[in-house]
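Visitor: I'd like to learn how to read a protein model feature by feature. Could you walk me through one?

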Amino acid sequence: MRENRKPPEARPLKTLERVLSKAGLGSRTDARGWIGGGRVTVNGKNIRNPDHWVDPQRDRIAVDGKALRSAAKAYILLYKPKGYLTTRRDPEGRPTVYDLTGDAGTWLSPVGRLDLDSSGLLLMTNDTDFAERITNPDHKTRKTYQLKTATLLNDEQIDRLRRGIELNDGPTRPAEVKRLRPSAKRTFLELTITEGRNRQVRRMIDAVGSKVLKLVRTAIGPIRIGDLQIGKWRRLAEAEVRALMGPR
């Protein structure tokens, strides 16, 4: 029977899988695999229950016999190309962002997602607090996209985007929308939102009667792609990390 009783309030206990993932060594799925595989001990005892409660300050946790140490925090910005999945593995063998960041020297997890047909700025990190700050809609982190639509959008359609769109999972927040270069057949827009729903920008354009032909994320908060080449990555400066985290 799996042990999963609520810990006493007096001790700052956490589940074993969460402690391992918070240390920046891997995902919670990775942690469950290590625990289930018998690679993790607590106070010298082999533990195979990922929901086992531990005190990170008092308990001696080891993986493969080595004492648990938090990995150095890493923050990178990748210019994701179209055609790459934002996942570690694909059963169909399609390329993923990990094919581009394998030389980063540490485990990383994408901060949010960009779908297969989208390109642009993708943050990756082993800092779970940083990832939560960026992806939690309560913090209203701005995400800016440039896009090309299949048809010309009139002013009324643009105003609908600015006011917010009713989607099947609820209304969106108002968006900042700016027309870019003129075209006789397409509309080019810069659109900024403060949410991160699945395929949100594409669904917003669908809702006003058009389709997205090209979508590039150009900025998250104050951080922009700049002159980074597509398919390449760079580390964020400390000042950039602080700017994204905001007041704490």
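Guide: What follows is a short tour, from the whole chain down to single residues. Keep in mind that this is a predicted model.

Visitor: Let's begin with the whole chain. How many helices and strands are there?

Guide: Counting elements is a good way to get your bearings. Here the chain has six helices and 17 strands. Its C-alpha atoms fill a box of roughly 70 × 40 × 40 Å along the principal axes.

Visitor: What share of the residues counts as buried?

Guide: Of the 248 residues, 47% do. As for the outside, the accessible surface is about 13800 Å², and carbon and sulfur atoms account for 48% of that.

Visitor: And the charges? How far apart are the mean positions of the positive and negative ones?

Guide: Just take the average place of each kind and compare. For the 50 positive and 30 negative charges of this chain, those two averages are 1 Å apart.

Visitor: How do I read contacts along the sequence?

Guide: Look at how far apart the partners are in the chain. Among contacts between residues at least 6 apart in sequence, 64% join residues at least 24 apart. Ala23 makes a handy example: its C-alpha is 8.8 Å from that of Thr128, although 105 residues separate the two in sequence.

Visitor: Where does Ala23 lie, and is it buried or exposed?

Guide: Ala23 is in the loop between α1 (16–22) and α2 (28–36). A residue counts as buried under 20% relative accessible area, and Ala23 has 3%, so it is buried. Leaving out residues up to four places away in sequence, Ala23 touches Leu68, Arg69, Ser70 and Ala71.

Visitor: Now rings. How many aromatic pairs does the structure hold?

Guide: One. For a pair, check the distance between centres, then the angle between planes. The rings of Tyr75 and Phe130 have centres 4.9 Å apart and planes at 70 degrees; planes over 60 degrees apart count as edge-to-face, so that's what this pair is.

Visitor: Which elements do those two come from?

Guide: Tyr75 belongs to strand β7 (residues 75–80) and Phe130 to helix α3 (residues 128–135), so the pair ties together parts 55 residues apart in sequence. Both Tyr75 and Phe130 are buried.

Visitor: Which charged ends sit over a ring?

Guide: Arg88 has its charged end over the ring of Tyr98, 4.1 Å from the centre. Arg181 does likewise over Phe188, at 3.8 Å from the ring centre.

Visitor: What about a helix that packs inside? Which residues of α5 are buried?

Guide: In α5 (residues 200–207), they are Gln200, Val201, Arg202, Met204 and Ile205. To read the packing, ask what these buried residues press against: β10, α4 (155–163), β11 (166–167), β14 (188–193) and β15 (212–220). After α5 comes Gly209, with a positive phi near 95 degrees.

Visitor: Why look at the sign of phi at all?

Guide: Because most residues other than glycine have a negative phi, a positive one catches the eye. Asn43 has phi near 55 degrees, and Lys140 is also near 55 degrees.

Visitor: Where are Asn43 and Lys140?

Guide: Asn43 is in the loop between β2 (40–42) and β3 (45–46), and it is partly exposed at 37% relative accessible area. Lys140 is in the loop between α3 and β10 (143–149). With 52% relative accessibility, Lys140 counts as exposed.

Definitions and conventions. Residues are numbered from 1 along each chain as its sequence is written. This is a predicted model: local features need pLDDT of at least 70, side-chain atom pairs count only at pLDDT 80 or more; totals for chains, interfaces and linings use all residues. Side-chain values use heavy atoms; hydrogens and water are left out. Rings of Phe, Tyr and Trp (its six-membered ring) pair if their centres lie within 6.5 Å; planes under 30 degrees apart count as stacked, over 60 as edge-to-face and the rest as tilted. Helices (H or I, at least four residues) and strands (E, at least two) are DSSP runs, numbered from the N terminus. Buried means under 20% relative accessible area, exposed over 50%, partly exposed in between (1.4 Å probe, protein chains only). A charge sits over a ring if NZ of Lys or CZ of Arg is within 6 Å of the ring centre and within 35 degrees of the ring normal. Contact means heavy atoms within 4.5 Å. Accessible areas come from the Shrake-Rupley method with a 1.4 Å probe; for residues, only the protein chains shown count as cover. Lys and Arg count as positive and Asp and Glu as negative; His and the chain ends are not counted. The place of a charge is taken as NZ of Lys, CZ of Arg, CG of Asp or CD of Glu.
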